[in-house]
Amino acid sequence: MNASPPISEPEMPPNALDMLLPRHLSILKPFLKYINIEASVVVTICLSILALGTWLTLVWNHVYRQVSVWFMSSVIVNSDDELFECILAWLAEQNVTRNSRTLIARSRDSAGGYVVDSDTSNFKRSSAEVAMKYELSFGEHIFFYKRRLFLFHRDQRQGLGSPFRPGPAETVSLTCVGRSTQPIKELLTDAHARHLAKEEFLTTTRRPSPRHLRAGGGRLWSRIARRPSRPMDTVVLDPGKKAAVISDMEEYLLPTTEKWYANRGIPYRRGYLFYGPSGTGKTSFATALAGTFGIDIFVVSLLEPTLTEEDLLPLFSDLPHQCIVLLEDVDSAGLARNATRKTENDFREFSYLGTDVTRVQGISMSGLLNAIDGVASHEGRILVMTTNYPEKLDEALLRPGRIDMQIEFSMATRPQAQELFMRMYAHDETQTDLTLRAKTADGESGEEVIGRGDLEDMASKFAQLIPDHEFTPAEIQGFLLTKKNDPKRALAEVQEWGNMMMIAKGRVAALAGGSGDAPLGRSA
Ligand SMILES: Nc1ncnc2c1ncn2[C@@H]1O[C@H](COP(=O)(O)OP(=O)(O)OP(=O)(O)O)[C@@H](O)[C@H]1O
């Protein structure tokens with residue numbers, strides 16, 4: 001039997017220092033001995049410093065609270081308000097971020113656009129070209145504005161962030177010394193004005209926020225894009241129709257017009273119906289109009305599966321003073337002439353993010369009418385409804401006051417095809433020559449200069465090879481995009497493309513029970 005090793009007595013720390021700092025004891029002991037100080041004295045000094053520090057912190061917090069209550073003013077902004085982004089951007093511009101030592105870096109824009117992941121794609125390292133954005137991080141930061149001291153505090157709070165700022169909800173507070181919030185209001189006005197100035201040539205597009213955010217008391221509308229305004233001349237449309245809509249809208253948006261409506265007791269609203277096949281420019285024209293008049297565009301698709309009739313009213317009530325509401329697919333389920341009754345077909349099944357299958361009621365005609373011209377509906381808005389099937393629309397929707405102007409968008413005519421060709425290759429009216437990276441006759445790639453006159457000749461020839469009213473502008477644009485650096489090739493290959501398209505369209509028509517069209521070559 002093995003003898004068990006003797007159990008050694010646990011070594012008790014000889015004094016309080018040994019108990020508090022047993023590991024460092026061996027290091028400290030010779031030093032304390034050298035300077036001839038008792039360990040207990042060191043412990044006492046340390047504890048006293050700790051106690052004093054705690055006491056000073058408590059006193060400071062108390063004094064600070066009292067000073068804040070009596071001598072400081074604050075304004076709080078939540079991250080579901082767009083002002084939140086304005087403040088962060090403004091602070092970054094004021095170089096507050098340069099002086100701060102704790103920052104948050106962001107590599108995607110605030111609209112939620114992700115940077116292309118160059119490791120998983122074949123693109124060149126485009127992510128490296130995206131400028132990083134730095135924001136003040138959580139906690140407190142001090143800065144000066146108009147020679148006044150401000151305190152910026154950023155914190156997280158309960159709830160979900162907005163769609164353009166995913167993650168938990170946040171809040172920022174701006175505090176200044178004094179019993180008035182006026183200096184903070186001035187700062188916010190400045191930040192907002194700079195934000196608007198930067199957006200002057202941008203068009204902001206918003207859509208209804210995801211359902212969980214709307215239901216959770218968050219913002220009803222989310223910004224989905226903020227892009228340079230689309231120039232009106234990039235939309236190829238009959239000049240008469242274009243001018244009619246522009247002048248009508250201009251008249252409506254004049255500051256005196258609102259008063260004119262009010263004096264006559266007429267609701268200050270304007271409605272347009274854009275109808276025609278898909279890809280003929282309805283959305284493009286509405287977006288260009290928003291850019292021309294410097295107003296935001298709010299897009300609602302009635303085919304959006306999470307949108308219910310009950311959602312429409314609050315959405316239409318929560319619009320800015322002047323804006324364009326683009327109501328897409330007004331002919332869709334529940335709005336067809338005979339479908340105002342609630343039948344089983346008025347319910348659609350959808351899967352939200354592929355997990356939750358819910359049954360949502362379609363939007364009835366009365367629900368839509370209530371939203372667009374009910375008492376709660378916003379005044380000052382411009383409603384643009386789009387449809388591919390105008391014949392399906394209810395007469396009630398088309399009555400004046402709801403729809404004041406109807407614009408037909410048709411398949412491309414030859415002059416439109418010519419304009420699309422010119423738009424693709426000569427971006428600027430004043431441009432005389434066009435320098436192209438083109439393939440030379442021997443297949444080598446090089447530069448070639450095409451005069452504007454030559455380009456116009458090519459555009460005219462190109463248009464002659466496109467049959468009238470057979471292709472949508474989107475289809476022609478799609479073809480030209482595949483040859484965007486080579487107008488000669490576009491001209492050389494357009495007939496073959498047209499034939500293939502006509503055959504494909506014939507097949508589609510045959511499948512749908514219609515008669516196919518003859519290919520280009522035969523019809524010419
Ligand atoms: N008339 C046009 N002028 C210039 N570009 C056009 C025109 N029509 C279509 N396009 C181009 O085709 C694409 C689709 O156009 P757009 O979305 O405006 O068509 P749409 O009529 O609104 O289609 P849908 O009914 O499917 O919504 C866009 O890239 C747009 O630039």
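Mentor: A residue is buried if 20 or more other C-beta atoms lie within 10 Å of its own, exposed if 12 or fewer, and partly exposed in between; C-beta atoms are placed from the backbone. This is a predicted model: local features need pLDDT of at least 70, side-chain atom pairs count only at pLDDT 80 or more, and totals for chains, interfaces and linings use all residues. Residues are numbered from 1 along each chain as its sequence is written.

Trainee: Does Asn36 count as buried or exposed?

Mentor: Asn36 is in the loop between helix H2 (25–35) and helix H3 (39–71). Helices (H or I, at least four residues) and strands (E, at least two) are DSSP runs, numbered from the N terminus. Asn36 has 6 C-beta neighbours inside 10 Å, so this residue counts as exposed.

Trainee: What value is phi of Asn36 near?

Mentor: Most residues other than glycine have a negative phi. Asn36 is a residue other than glycine, but its phi is positive, near 65 degrees.

Trainee: What is phi of His469, about how many degrees?

Mentor: His469 lies in the loop between helix H15 (452–464) and H16. With 12 C-beta neighbours inside 10 Å, His469 counts as exposed. Although His469 is not a glycine, its phi is positive, at about 55 degrees.

Trainee: How many helices and strands has the protein chain?

Mentor: The protein chain has 524 residues, of which 24% count as buried. Its helices and strands number 18 and 17.

Trainee: Which elements give two or more residues to the shell around the ligand?

Mentor: The ligand is surrounded by 16 residues (C-beta atom, placed from the backbone, within 6 Å of it), and the closest are Ser278, Gly281, Thr283, Pro473 and Ala474. The elements that give two or more residues to this shell are helix H10 (282–293) and helix H16 (473–481).

Trainee: Which domains each give at least three residues to the shell around the ligand?

Mentor: The shell holds six nonpolar residues, nine polar and one charged. Here Ala, Val, Leu, Ile, Met, Phe, Trp, Tyr, Cys and Pro count as nonpolar, Asp, Glu, Lys and Arg as charged, and the others, Gly among them, as polar. Domain bounds come from an automatic or database domain assignment. The shell draws at least three residues from each of domain 2 (211–408) and domain 3 (414–523).

Trainee: Which helix gives the most to the largest nonpolar core?

Mentor: A nonpolar core is a set of buried Ala, Val, Leu, Ile, Met, Phe, Trp, Tyr and Cys residues joined through C-beta atoms within 7 Å. The largest one has 58 residues, and those with the most contacts inside it are Ile324, Val325, Val384 and Phe421. With six residues, the element that gives the most to this core is helix H14 (residues 414–425).

Trainee: Which residues is Ile324 in contact with, leaving aside its neighbours within four places in sequence?

Mentor: Two residues are in contact if their C-beta atoms, placed from the backbone, lie within 7 Å. Once those neighbours are left aside, the contacts of Ile324 are Ala286, Leu289, Ala290, Ile295, Ile297, Ile382 and Val384.

Trainee: Why do the buried residues of H11 line one face of the helix?

Mentor: Buried in helix H11 (residues 309–317) are Asp311, Leu312, Leu315 and Phe316. They line one face because, seen down the axis of H11, they fall within an arc (that of the directions from the helix axis to the C-beta atoms) of 120 degrees.

Trainee: What do the buried residues of H11 pack against?

Mentor: Two strands and two helices are involved. They are strand S7 (202–208), strand S10 (297–301), helix H7 (211–215) and helix H12 (365–373).

Trainee: How many Å apart in space are Tyr272 and Leu398, C-alpha to C-alpha?

Mentor: Tyr272 lies in strand S9 (residues 270–275) and counts as buried, with 22 C-beta neighbours inside 10 Å. Leaving aside neighbours within four places in sequence, its contacts include Val245, Val384 and Ile403. Tyr272 and Leu398 are 126 residues apart in sequence, and their C-alpha to C-alpha separation in space is 9.3 Å.

Trainee: How many Å apart in space are Leu302 and Val330, C-alpha to C-alpha?

Mentor: Leu302 is in the loop between S10 and H11. Leu302 is buried because 20 other C-beta atoms lie within 10 Å. In sequence Leu302 and Val330 are 28 residues apart, and in space, C-alpha to C-alpha, 6.4 Å.
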